[in-house]
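Dear colleague,

Please find below the structure that I am passing on to you. My findings follow it.

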Amino acid sequence: MIYFVVKRLFLIVIVIAGMSVFTFGLTRVIPGDPARLLAGPEARLEQVEQLREQYGLNKPIVEQYFGYMAGLFRGDFGQSLTTRRPVAEDFAQFVPATVELTLAALILIVLIGLPLGFLSARRPNGIVDQASRLLTIAGMSMPVFWLGVLFQIVFFKWLRVLPAGGRLGIIESAPPHVTGFYTIDALMAGNMDLLLSALQHLVLPSFTLALASLATITRVSRATVIGVLRTDYVRTARARGLSERQVMTRHVFKNAMIPTVTVLGMQIGILLGGNLIVEVVFSWPGIGLYAVNAIKNLDFAPIMGVMLISALAYVMVNLIVDLVYLALNPRITYAGDK
Amino acid sequence: MSGSATAPSRRRTIADRLSGLATRFPINKSRTARIGLALTLIVLFVAVASPLIAPYDPIAVDSAQRLQPPSAEHWLGTDQQGRDVLSRTLYGSRISILSAVVIVALAVLIGVTAGIVAGYSGGWIDETLMRIADVFLAFPPLLLAMGVAAALGPSLTNAIIATSLVWWPWYARVARAEALYIKHEGFVDAARTVGASHLRILVTHVLPVARTPIIVQISLSLGAAIVTLASLSFIGLGAQPPVPEWGTMIADGRAYLLNQWWIVTAPGVAIFLTIMAFNLLGDGIQEILSPHERNS
């Protein structure tokens, strides 16, 4: 077990180093000269040279890479041309919005996807199962950008029940900054109207972000529960006269959770990518929208920064999932363990 | 006379081949596969026939007809430049399907080559190739595609290259597992003993065995390839206007969302149906080819 953890950590270091080389490499294949790009179209030659000097762009590529890495360790992601601020400062402003949205989507996935999967598995081909199968097929085939737009047409334009975008209404101002999550900050400030508004603004973006993963989780948990229900230990438990409720909670739930949580960890990658689209559709001021705005200006420091911290978050979530998995399930032995 | 003698025999071989295909892919065993295949054939028909069935030129601007609601002349209305939405949507199927095929072909080419070389060689070659694959898998898929497409510059070709980079590691893993599995089989040893080159062994012995799991993987990734490419187009990194691409059409039509809802609805429904067709077909093929993974 210790061997596994050490090996897993070692591999993660390799993967992270690889990621940084790859992202750095991308900034160097851009057609055009980064110094010229940084200086803008009207810059004179001396200004370009000065920038080249200032940012170390005249040094050998390997040296530049280590300079970039040293910066990353100090939390320096470079300078954004769009906002004219350090990327790290922009992150401090935009990351909480993205995290709030992603967590809201995760809550929906767990609270809706898991029960739906379990209920479907209880009576395969029953009414719940048929309905959830339809939802699953539709959910997995619905592109995020079209779903978001469709929600806006239906709930904003036709039904007029939910806002079309943003984190708060135009005339409302943000609650005092504590966590950066408007819902929690509003609650802590005791401002219930603001909390309600923040929640209303979260509904459509979080559902849009969640749907595809929700469908996947429903499908996976259904398949796993059906598998577990067929095992000998469940039959034994039933034969011993345990109530259906006891069988479901003590035997089925725990065993079905393990594969489901692994898939949930992998869905984080889908959510982090989906943020790009959802934030554009709903003008949600997070790092996805920030990255897409940077793309329009060929502003590479923010793009690479968003790529790196998203990938890092994804890798870390999956590491945690693996470790929790290991702690929960002593039966598992990994390759190399004896 | 000789022509009439050979024609029936050739016809028989084609019939034989078709029945051989039907035995290998027993499509009637899976309802999902049947529905998926039917939908896919419809989408393919539209893609092939769009020049014949589209009523208008998909990129012809007609400023007198801007933002017209659906009518007898324009069944699905017109967009902000007076272009016929139905024609653009029909033509959009060509771009999505062609791009998906190219994306998957590139991913298979890179991934399968890397995978069988890694599995067959073992040692440091295997370690290096698989760690590179791990790095690609460590990025959230759409973010990886975004970064690469942004670095290469916004165009449909670059978006296709970027998207195929997202999928190659999956093929590499599948192909490597198969190569590892049969590396020590008797017939591979035999081939080596009679002096077959490594390349020959890989192509004639390892590749055919890896075929089935690769087909399953292909059928599962076509829908995802279409979504990723359209998402890149939606954020401005894929097809550029005036190309009738569904993601781009929805991005452009978003400004007219509240009053001219038909501009975004037509391409939205089209991309939903296309992805569903490929997903159902993929699930069906998986049910047929790897029944042990079926969980229902």
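The notes below cover chain A, its contacts with chain B, and one residue.

This is a predicted model, in which local features need pLDDT of at least 70 and side-chain atom pairs count only at pLDDT 80 or more, while totals for chains, interfaces and linings use all residues. Residues are numbered from 1 along each chain as its sequence is written, and chains are lettered from A and ligands numbered from 1 in the order in which they are written.

Chain A contains 13 helices and 0 strands; helices (H or I, at least four residues) and strands (E, at least two) are DSSP runs, numbered from the N terminus. Its C-alpha atoms fill a box of roughly 85 × 60 × 40 Å along the principal axes. Of its 338 residues, 38% count as buried, that is, with 20 or more other C-beta atoms within 10 Å of their own (exposed: 12 or fewer; partly exposed: in between; C-beta atoms placed from the backbone).

Between the chains, 39 residues of chain B are in contact with 44 residues of chain A, a contact being two residues whose C-beta atoms, placed from the backbone, lie within 7 Å. On the side of chain B that touches chain A, the largest share, 8 residues, comes from α5(B).

Asp322(A) lies in helix α13 (residues 300-328) of chain A. Why does Asp322(A) count as partly exposed? Because 17 other C-beta atoms lie within 10 Å of Asp322(A). The C-alpha atoms of Asp322(A) and Gly265(A) are separated by 9.0 Å, and these residues are 57 residues apart along the chain.

Yours sincerely
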